[in-house]
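This report describes a group of annotated positions and the local surroundings of two of them. The sequence and the structure are shown first.

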Amino acid sequence: MATANPYVEIRRKLHQIPEPGFQEFKTQRFLLDYIEALPPERIEVRTWRTGILVRVKGKNPSKRIGYRADMDGLPIAEETTYEFRSQHPGYMHACGHDVHMTIGLGVLTHFVHNPINDDLILIFQPAEEGPGGALPMMESEEFQDWKPDSIYALHIAPEYPVGTIAVRPGILFANTSELFIELTGTGGHAAFPHKANDMVVAASHLVTQLQSIISRNVDPLDSAVITIGRIESGTRQNIIAEKARLEGTIRTLSVESMEQVKSRIEAVVSGIEAGFGCKAEIDYGSNYRQVYNDEQETREFMDWLQSTGTATLVECREAMTGEDFGYFLAGIPGFMFWLGAETPYGLHHSRMEPDERAIDVALEVLTKYIAWKSGR
Ligand SMILES: CC(=O)N[C@@H](CCC[C@H](N)C(=O)O)C(=O)O
């Protein structure tokens with residue numbers, strides 16, 4: 001169904017072309033086509049791998065204000081009711097990055113036509129879901145040269161109504177580490193288990209033992225999560241599996257707990273090796289730093305929201321989600337906030353249909369706030 005809102009149209013087009021991290025080629029082309037059609041006088045564009053940086057020149061700049069949107073999709077087979085479903089089988093924008101990029105283009109368009117005093121740096125960042133684009137992008141010459149003095153980002157929140165912004169000073173999202181474990185035993189005939197080392201059984205024990213780490217080794221007041229999201233093992237029902245692969249993620253609120261959880265995982269995996277006579281290899285994949293909102297910047301934003309009434313403010317609790325935006329916040333003051341986009345299915349769900357009215361709410365909040373920050 002067509003809509004009169006150009007940004008909703010853009011979001012629907014982006015929704016159809018979800019791509020994995022660092023392979024956002026069509027997405028980058030789509031964004032560049034849009035950006036290149038804007039009046040060129042005030043903008044400068046750079047690409048970094050599949051990402052894009054845009055500088056909107058201010059009228060009398062004394063600082064650079066940054067806004068970041070992430071670009072990649074997820075390996076999920078979409079099951080929404082949309083007519084504009086993903087055209088990339090097995091991939092879906094199930095974490096709202098289509099909405100985030102659309103808002104980025106809306107902010108850019110607004111300030112191209114309504115310049116502020118300061119420079120604005122729009123950052124379209126690849127590979128947020130993995131392996132992590134923020135850190136290498138930040139380290140790039142292209143970024144360092146335009147490094148903002150403050151930086152902001154948002155994430156859609158299916159659990160909050162449209163018109164709500166949820167945020168908190170300090171930690172917003174957890175420390176994360178991916179987790180991959182390969183088990184190798186001895187395969188064989190299903191009828192002769194005593195002549196094999198069955199990795200389906202070993203993997204099953206491992207999953208339940210991993211879950212006991214959180215309940216038995218981590219301070220209950222210091223939240224942590226281990227999720228095994230994928231297990232691969234075996235070839236058919238009457239063959240004992242020689243190998244098993246577990247894929248998951250670790251989340252902790254404190255940096256110390258991450259170390260402790262990893263050392264307990266290593267101990268449990270050694271126990272599985274001894275108990276099942278198998279070999280195990282652990283790979284922690286990519287790690288994200290916690291998203292730690294600058295206290296002063298966040299309080300200022302919360303006060304501004306309340307005094308202007310531009311959206312309904314909720315001071316939320318921290319969440320165990322991860323975000324490589326935490327790397328930007330480690331070097332640049334700023335914050336991330338949740339944008340209410342109420343829908344019954346949550347992030348990373350094949351049926352998630354965020355409420356598109358959230359786009360206009362975000363554009364109003366961000367354009368007014370950034371203009372206010374720039375003293376216009
Ligand atoms: C907001 C969100 O959902 N972010 C992802 C980040 C993934 C980090 C990494 N690939 C991992 O799985 O640990 C999340 O799953 O929280």
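## Second annotated histidine: His155

His155 counts as buried because 25 C-beta neighbours lie inside 10 Å, and the cut-off for that class is 20 or more. This residue belongs to strand S5, which covers residues 150-157.

Apart from neighbours within four places in sequence, His155 is in contact with Gly96, Glu323, Met336, Trp338 and Leu339.

## Annotated binding site

His155 is one of the positions that UniProt, in an unreviewed entry, lists under "binding site"; the listed residues are Cys95, His97, Glu129, His155 and His348. These positions span 254 residues of sequence, yet they cluster in space, with a largest C-alpha distance of 12.8 Å.

## Surroundings of His97

His97, also listed in the UniProt record, is found in helix H3, which comprises residues 97-113. His97 has 28 C-beta neighbours inside 10 Å and therefore counts as buried.

When neighbours within four places in sequence are set aside, the contacts of His97 are Asp70, Met71, Asp72, Gly73 and Glu128.

## Confidence of the model

The model is predicted. The protein has a mean pLDDT of 97, and 99% of its residues reach 70 or more. For the complex, the predictor gives an ipTM of 0.97 and a pTM of 0.94.

Key: Residues numbered from 1 in each chain as written. Predicted model: local features only at pLDDT ≥ 70, side-chain atom pairs only at ≥ 80, totals over all residues. UniProt positions renumbered as here; feature names shortened; annotations may be inferred. Helix = DSSP H or I, 4+ residues; strand = E, 2+ residues; numbered from the N terminus. Buried ≥ 20, exposed ≤ 12 C-beta atoms within 10 Å, placed from the backbone. Contact = placed C-beta atoms within 7 Å. pLDDT = per-residue confidence, 0-100.
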